[in-house]
Amino acid sequence: MTSPAQADLVIVANRLPVDRVTAPDGSPAWRRSPGGLVTALEPVMRAEDGAWIGWPGSSDDDDFEPFVEDGLSLIPVPMSAQEVEEFYEGFSNGTLWPLYHDLVAKPEFHREWWESYVAVNQRFADKAAQVAADGATVWVQDYQLQLVPQMLRQQRPDLRIGFYLHIPFPPAELFSQLPWRRQILEGLLGADLIGFQLPGAAANFVRLVRSRVGHKTHRDTIYLPDGRPVKATAFPISIDTAGFEELARSEGVERRAKEIREALGDPRCIFLGVDRLDYTKGIYSRLRAFGELIRDGKLDLEDAVFVQVATPSRERVEQYRILRDDIERLVGGINGDHGRIGRPAISYLHTSHPREEMAALYRAADIMVVTPFRDGMNLVAKEYVACRFDNDGALVLSEFAGAAAELRQAWLVNPYDIDGMKAMLLEAFAADSKERGRRMRAMRKTVLQHDVAKWAEDFLRDLEAVPEHHDKSVRRPRAK
Ligand code: ADP
Ligand code: G6P
């Protein structure tokens, strides 16, 4: 393991792959962090020998030393309770998250939140500057850290700096609402290569830089006044497909999948939703669609049940609290109206589960329902496909998930159109095994070919290939 002081590859993400939590007996413990960023990057970092800088998720002033957890070299960055409120819950998740997801909720703009965003970004940049070896590659992740590339370059012009945005990049008209739009664009331009999920997002970014900052651009390259080129390109993210399939094939998972089906009363069809409890995910609309199908007699409870697993997320942010109440009320209403003893229409679990349990749920589910209003990629959709080595099972997928660009053979839906969604759920329900197999085989081919190892390899290769800075006074030794 490389010592943190000399890492040749440094990942900088708001979150570490593990979260500091308090166990039921009151003792401190580490637990896997929520979300797709960690799912994607963990296998990449296991294969590379680098360091991972991030926040350990605790909202007190704990200051942990660097440590190794399960083979990964982790470097914690602390945050005060006020920073958690202003930087994390505030600017990151109350301003940027809704703004970048097409205003699914209303973003709030507060100057104190912005100041905290600048201060915390500076702390991450300082830590990366300390940890990176001479000429190292530093790969900054996601919307919480968009100022880090420029802050880091100011201190360490010898580094190769990459940035990857895991969420959508909004159209110019929406991004332009941001009072600090220019600072964000300039922050990102500290990188040599900026990666996006989809080509449209990369093009939006290049256009904005041209119009708002005035730099020259040609296709996916931006030329800074000092001659340094910055590339903005799409790299659709993925999962450890083979790892998921292996897990899904294990005896333990197969046994657990059977148990789950039995516990649900062995219905003909299990519908499944798996999401962080987030308003971008369209959980409410999908459950409403299912509830109406039961109400209208289009689906019978003897035939169909819905399992919705929702990971607790950002629970102190008001919009997330409101969403949780709304969903719990809806589930209660549907089960109260239509459920029978021992047979609720919807089984709702507001908990996080180990990977084995997720794989068992994917194996047990006949129809996976993924209906975000907007999503950068959506790894749950790819995980489901990876686990269906039997070429069976149906995926109902929102057109507005990044994954829809690759998983064209899913039953695609517009989550704003409840009647359209009901029709598509019924179509997937009625599809015969030949049709399901045809679609699943095609999707599996895509997900097996484009796994997360390929994603990381493509990004790091292109980062290394960005032409050297024209200013020869800056020495940039190559990473070993
Ligand atoms: P996001 O990054 O917005 O949360 P993704 O679908 O891209 O959405 O990634 C979610 C990740 O979190 C997936 O790897 C999924 O398996 C995992 N996940 C979602 N819900 C749960 C849960 N209840 N328990 C454990 N893991 C979960
Ligand atoms: C999405 C974001 C990640 C974030 C994750 C979980 O995947 O792109 O940056 O880490 O959600 O959200 P949280 O706020 O709990 O870190």
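**Exercise 1. State how far a backbone N or O atom of Thr 351 lies from a nitrogen atom of ligand 1, and describe the surroundings of ligand 1.**

Solution. Step 1: the distance from a backbone N or O atom of Thr 351 to a nitrogen atom of ligand 1 is 2.9 Å. A polar contact is a pair of N or O atoms within 3.5 Å; within protein, one atom must be able to donate a hydrogen and the other to accept it, and residues adjacent in sequence count only if both atoms are side-chain atoms. This is a predicted model, in which local features need pLDDT of at least 70 and side-chain atom pairs count only at pLDDT 80 or more, while totals for chains, interfaces and linings use all residues. Residues are numbered from 1 along each chain as its sequence is written, chains are lettered from A and ligands numbered from 1 in the order in which they are written, and side-chain values use heavy atoms, with hydrogens and water left out.

Step 2: take the side chains. Glu 383 has a polar side-chain atom 2.5 Å from an oxygen atom of ligand 1, and for Thr 39 the distance from a side-chain N or O atom to an oxygen atom of ligand 1 is 2.7 Å.

Step 3: count the neighbours. Around ligand 1 there are 18 residues (a heavy atom within 4 Å). Gly 36, Thr 39, Thr 311, His 353 and Glu 383 come nearest.

**Exercise 2. Find which residues come nearest to ligand 2.**

Solution. Step 1: of 14 residues around ligand 2, the nearest are Arg 15, Tyr 88, Asp 142, Gln 144 and Arg 314.

Step 2: add distances from side-chain N or O atoms to an oxygen atom of ligand 2. The value is 2.5 Å for Arg 15, 2.5 Å for Tyr 88 and 2.8 Å for Arg 314.

**Exercise 3. Describe how domain 1 and domain 2 meet.**

Solution. Step 1: locate the domains. Domain 1 covers 7-237 + 455-473 and domain 2 covers 241-449, with bounds from an automatic or database domain assignment. Their centres, taken over C-alpha atoms, are 30 Å apart. Domain 1 brings 25 residues to the contact (heavy atoms within 4.5 Å) and domain 2 brings 23.

Step 2: give the area. The two domains bury about 1,900 Å² between them, with 63% of it on carbon and sulfur atoms. Buried area is the accessible area (1.4 Å probe) that two parts lose on being put together, summed over both. Glu 89, Trp 97 and Val 104 supply 27% of what domain 1 buries against domain 2, more than any other three residues.

Step 3: list the polar links. Two salt bridges (a side-chain nitrogen of Lys or Arg within 4 Å of a carboxyl oxygen of Asp or Glu) are counted between the domains. Seven residue pairs are in polar contact across the interface, both residues at pLDDT 80 or more.

**Exercise 4. Explain what the salt bridge between Arg 363 and Glu 254 ties together.**

Solution. Step 1: the side chains of Arg 363 and Glu 254 meet at 3.5 Å, N to O.

Step 2: Arg 363 lies in helix 12 (residues 355-364) and Glu 254 in helix 9 (residues 251-263), so the pair ties together parts that are 109 residues apart in sequence. Helices are DSSP runs (H or I, at least four residues), numbered from the N terminus.

Step 3: the structure holds 42 salt bridges.

Notes: Helices (H or I, at least four residues) and strands (E, at least two) are DSSP runs, numbered from the N terminus.
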